[in-house]
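Student: I have a structure open in front of me and would like to learn how to read its empty spaces and helices. Could you take me through it?

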Amino acid sequence: MEQIRSRKNQYILHLRALARDKDVRRDAGEYVCDGEKLLREALQFGAEVTSVLWRDAAAFPLPDGAAQYTADAELVAYASPLMHSPGPVFTVRLPEMRLPLRHVIVLEGVQDPGNVGTVIRTANALGMDAVVLTGACADLYSPKTVRAAMGALFRQPVLTCTTDELLQLLHARGLKLYGAALTDAAQDLRCV
């Protein structure tokens, strides 16, 4: 296990780039997370953990294939996307997208990463087949979205697509689309 002592270490720079840039996440095929609880959930639900930056020493063993590093608390905090990092900081391979089946929640243009993460967590609790993000939604793998999802990203399939792709998918699967609206003219979904 490599001990990192510099803010200029390539791995530290990589973690910081993943945390701040959607294009870097897409190109690298991974995203960054923080916290022992989240790491345990990632491992429990079969997410591919690609690397871990431990504070001082590894807290528990990892499956083969994950690169492991250690650093002091200050350097772990510097590498973390969180203001007050509990550590460890780790990376997870972007999952392959599975197509939704019947019960899907669609978010269109939801820009707040906390709201996106909360809906993903709620969809998982409700047993939804998938969540679909379309339009100008917050980045699915931004540190704020990942944190708000509280581990549900490891359990809940999420698909990102354009509005046209969504309509094609709904048509191909024979799915109905219901929308939520804050108006007195809205119909109760249970009556449709």
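**Reading pockets, a cavity and a helix**

Tutor: Gladly! Let's begin with the lining of the largest pocket, whose residues divide into 16 nonpolar, six polar and four charged. Bear in mind that this is a predicted model.

Student: How is such empty space found, and what volume does the largest pocket have?

Tutor: In general, rolling a probe the size of a water molecule over the atoms shows where empty space is left. Here, the largest pocket has a volume of about 790 Å³. Its lining comprises 26 residues, and Val 104, Lys 176, Leu 177, Tyr 178 and Gly 179 are the ones nearest the centre. E6 and H7 are the elements that give two or more residues to this lining, with E6 giving the most, five residues.

Student: What lines the second largest pocket?

Tutor: That pocket holds about 380 Å³ of space and is lined by 16 residues, with Lys 22, Asp 139, Leu 140, Tyr 141 and Thr 160 nearest its centre. Helix H2 (22-28) gives the most to the lining, three residues. By class, ten of the lining residues are nonpolar, two polar and four charged.

Student: And how many cavities of 30 Å³ or more are there?

Tutor: The count comes to one, with about 50 Å³ of space inside. Strand E2 (30-34) and helix H6 (143-149) are the elements that give two or more residues to its lining. That lining has seven nonpolar, no polar and two charged residues; Asp 34 and Arg 147 are among the residues found there.

Student: Now the helix. Why do Leu 166, Leu 169 and Leu 170 of H7 lie on the same side?

Tutor: The general idea first: an α-helix has 3.6 residues a turn, so residues three or four places apart point the same way. In helix H7 (residues 163-173), Leu 166, Leu 169 and Leu 170 are buried. They are on the same side of H7 because they cover an arc of only 95° around the axis. On the other side, Asp 164, Gln 168, His 171 and Ala 172 are exposed.

Student: Which strands do the buried residues of H7 pack against?

Tutor: They pack against strand E6 (104-108), strand E7 (130-134) and strand E8 (158-160). Just after H7 comes Gly 174, with a positive phi near 65°.

Student: One last residue: is Glu 41 buried or exposed?

Tutor: Glu 41, in helix H3 (residues 36-44), counts as buried because its relative accessibility is 11%, and the cut-off for buried is under 20%. Leaving aside neighbours within four places in sequence, Glu 41 is in contact with Met 150, Gly 151, Phe 154 and Arg 155.

Key. Residues numbered from 1 in each chain as written. Predicted model: local features only at pLDDT ≥ 70, side-chain atom pairs only at ≥ 80, totals over all residues. Heavy atoms only, no water. 1 Å grid on protein atoms, 1.4 Å probe; cavity = no way out; pocket = protein on both sides within 12 Å on 5 of 7 lines; lining within 4 Å. Points joined across faces, edges and corners; volume = space filled by probe spheres on them. Helix = DSSP H or I, 4+ residues; strand = E, 2+ residues; numbered from the N terminus. Nonpolar A, V, L, I, M, F, W, Y, C, P; charged D, E, K, R; others polar. Buried < 20%, exposed > 50% of the residue type's maximum accessible area, 1.4 Å probe, protein only. Arc of directions from axis to C-beta. Contact = heavy atoms within 4.5 Å.
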